[in-house]
Amino acid sequence: MSTEKSSIDLTKNNTYRSVKDKVFLWTVIVISIITISPIVMIIGKLVWKGFRQINFSFFTAVTPSTFEAMTAVANGEIIPGGIVNGITGTLLLVLMASLIAIPVGIIIGLFLYENPGKRYADLIRNLSDILQGVPSIVLGLIAYLWVVKNITQGYSALAGSVALAIMMLPLIIRSTEETMKMIPGTLKEAGLALGVPYYKVIIKVLIPSGISGLSTGVLLAISRILGETAPLMLTTLGNPMINWDVTAPTSAVPLLIWDFYNDPNMVDLIWSSSLFLMGFVLTLNIISKRISAKSKA
Amino acid sequence: MKSDTITKYVLLFSSFIILLVSGGMIFSLLGDAVPVFEKFGWRFITSTDWNPTEGRESYGALPFIVGTLSTSILALLICLPMAFSTSLFIAEYFKKSAFSSIISSMVDLLAGVPSIVYGLWGFYTLRPFIVSLGLDPQGYGIFTSGLILAIMIIPYATSLSSEIIAMVPNELKEAAYALGATRMEVIFNVILPGARSGIIASFILAFGRALGETMAVTMLIGNANIIPTGLFSTGNSMASVIANQFGEADGLKMSALIAIGLLLFVITGVVNFVGKFIIKKLS
């Protein structure tokens, strides 16, 4: 009697446990779907509201004045002009930030790889980790204090790229070190054993064999800084014209989005500009994923 | 031989750049924050009065500190169940299946969305939604900002947690299954205890991200220089007050904004250090 009862209890218990298990599984599935739904909604909204504004002049003309935009909106037309000043500004900023951060980051990454387990290298690694966590707005303040106040005596593209370069640096250092660790040490030793100077081993052996890892790191770092707005507000300010002068204020796509958002007449332009920015960032992400997948295969 | 020594020194000297940048950062922020700390002392942190009017200037950062902490903590609370479920989905339930790679690449996409685009989406989609639910007539405030921050930090918490959950040895799980445990029991009695500190670290690092986010919060928090009184109250965060008031700042006000930047730097630094420390202990 008692054994029978306990076995009945056990089966009851089992159903309860398996129901609980099923409920938990479905909760996990539902919450996961809710978690990723914003990305679908965000991309959907950008495409839906933005594609109408994207045309030839969007990529060739500078931003319209508020008055031009107001007239167009009042007549029910598409706002004229484009964001070419933002696109060239973003290119200038990213190019200069890359010129600063990529070589320096790769060299520091090589230094960390060459000195594993040393206290000083650990300190550098930890500092670089801390740098990676510094909020971008604080980097904007720093670039303002260093470059805007002391070097260019005014808002400038150079200041913005310094802020962006400090953002890129830790990412590139980390990806360089990780990539170098994956390269078989025998490759390096073979070169050194042949009497090749060490700098040549770096240039001819280490960097070429790690090129896919390095470029993945660089592309991810660029895609991280492309959409940065806050540090640029404190450093490059914005410019309604195309500007290639590094000591002058420059516009950038995210800065234009911020301007459009604050100007009721231009508000229609935010979606196309954001769509363009997102497309740019996502393309870089996908390319870097492809490269790293190819190198792993 | 000689070129090798030069190469060595080039590598060594390049590492000084990191020392210079991090040291210079603290030095510059401290140097420019001194005037405001000299004038107000601890009152800069404990006072709630923010008044840039010439002659009656008074700067207290407490409302912004409270705003930053409350939005970030709320973001962390919302992010917890979502990132945890998503990492279980990716690393346990559908490990190595097509579902898992779809969900994880979507999570990666979330990480790629620029802060300002989150702000726009929050302003034009999330805010009207909150208004239509009748939660708040305006839709600005701590809750909306916390919600958008939660979405922004989910990818960081998820990618690290799922890596750590996937690392729990199969033998342990199989032993529990052999004893008749259900999947859920395995998750709560085998995986969680094994991955606990790694998961905690991933949430700490995600919290550190939330503290410094600027644009999306600026667009949604309402930018009122008051201590938020409730979930739907407006407020202001440290990062947003810098972004909003920097343009017209000079003199003492500039110093006050830089001091807020310094505080933000210190707070995020400590949070990140704790998170990284836990991860380092694990590996």
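User: Which residues of chain B does the UniProt annotation "domain: ABC transmembrane type-1" cover?

Analyst: In chain B, that annotation, from an unreviewed UniProt entry, covers residues 65-275. Bear in mind that what you're looking at is a predicted model. Over residues 65-275 of chain B, the chain is 78% helix and 0% strand, and the end C-alpha atoms of that span sit 21 Å apart.

User: And which residues of chain A does "domain: ABC transmembrane type-1" cover?

Analyst: For chain A, the unreviewed UniProt entry puts that annotation on residues 87-288. Here the span is 76% helix and 0% strand, with 21 Å between its end C-alpha atoms.

User: What makes up chain A in terms of helices and strands?

Analyst: Chain A has 13 helices and 0 strands. Read from start to end, the pattern is simply α-α-α-α-α-α-α-α-α-α-α-α-α.

User: Why is chain A called more spread out than a compact globule?

Analyst: Set the two numbers side by side: chain A has a radius of gyration of 26 Å, while the globule rule gives 19 Å for 297 residues. The value is well over the rule, so chain A counts as more spread out than a compact globule. As for its outline, the C-alpha atoms of chain A fill a box of roughly 90 × 70 × 35 Å along the principal axes.

User: How much of chain A is buried?

Analyst: Buried residues come to 47% of the 297 residues in chain A. The test for "buried" is 20 or more other C-beta atoms within 10 Å of a residue's own.

User: What makes helix α10 of chain A "mostly covered"?

Analyst: Just the count: 13 of the 16 residues in α10(A) are buried.

User: How do you know that the span of α10 in chain A agrees with what a helix should give?

Analyst: Helix α10 of chain A runs over residues 211-226, which is 16 residues. At 1.5 Å a residue they should span 22 Å, and the end C-alpha atoms are 22 Å apart, so the two agree.

User: Which parts of chain A does UniProt list as "transmembrane region"?

Analyst: The unreviewed entry lists several stretches of chain A, including residues 23-44 and 86-112. Residues 23-44 of chain A are 100% helix and 0% strand, with end C-alpha atoms 31 Å apart. Residues 86-112 of chain A are also 100% helix and 0% strand, and their end C-alpha atoms lie 37 Å apart.

User: How many residues of chain A are in contact with chain B?

Analyst: 60 residues of chain A are in contact with 59 residues of chain B. A pair counts as a contact when the C-beta atoms lie within 7 Å. Among the elements giving two or more residues to chain A's side are α1 (2-50), α4 (84-114) and α13 (269-296) of chain A. α1(A) gives the most, with 17 residues. Sorted by class, chain A's side has 43 nonpolar, 11 polar and 6 charged residues.

User: Which domains does the assignment give for chain A?

Analyst: The domain assignment splits chain A into domain 1 (2-51) and domain 2 (84-296). Their C-alpha centres lie 40 Å apart. Where they touch, domain 1 of chain A gives 5 residues and domain 2 of chain A gives 5 residues. On the domain 1 side of that contact in chain A there are 3 nonpolar, 1 polar and 1 charged residues.

User: Which domains does chain B have, then?

Analyst: For chain B, the assignment gives domain 1 (2-51) and domain 2 (63-282). The C-alpha centres of these two domains of chain B are 27 Å apart. Between them, 10 residues of domain 1 of chain B are in contact with 11 residues of domain 2 of chain B. Helix α1 (residues 2-40) of chain B gives the most to the domain 1 side, with 7 residues. That side of domain 1 of chain B divides into 8 nonpolar, 1 polar and 1 charged.

User: How many helices and strands are there in chain B?

Analyst: Chain B has 11 helices and 2 strands. From the N terminus on, its elements run α-α-β-β-α-α-α-α-α-α-α-α-α. The C-alpha atoms of chain B fill a box of roughly 75 × 75 × 30 Å along the principal axes, and buried residues make up 49% of its 283 residues.

Key: Residues numbered from 1 in each chain as written. Chains lettered and ligands numbered in written order. Predicted model: local features only at pLDDT ≥ 70, side-chain atom pairs only at ≥ 80, totals over all residues. UniProt positions renumbered as here; feature names shortened; annotations may be inferred. Helix = DSSP H or I, 4+ residues; strand = E, 2+ residues; numbered from the N terminus. Contact = placed C-beta atoms within 7 Å. Nonpolar A, V, L, I, M, F, W, Y, C, P; charged D, E, K, R; others polar. Domains from an automatic or database assignment. Rg over C-alpha atoms; globule rule 2.2 N^0.38 Å. Buried ≥ 20, exposed ≤ 12 C-beta atoms within 10 Å, placed from the backbone. Expected span 1.5 Å × (residues − 1).
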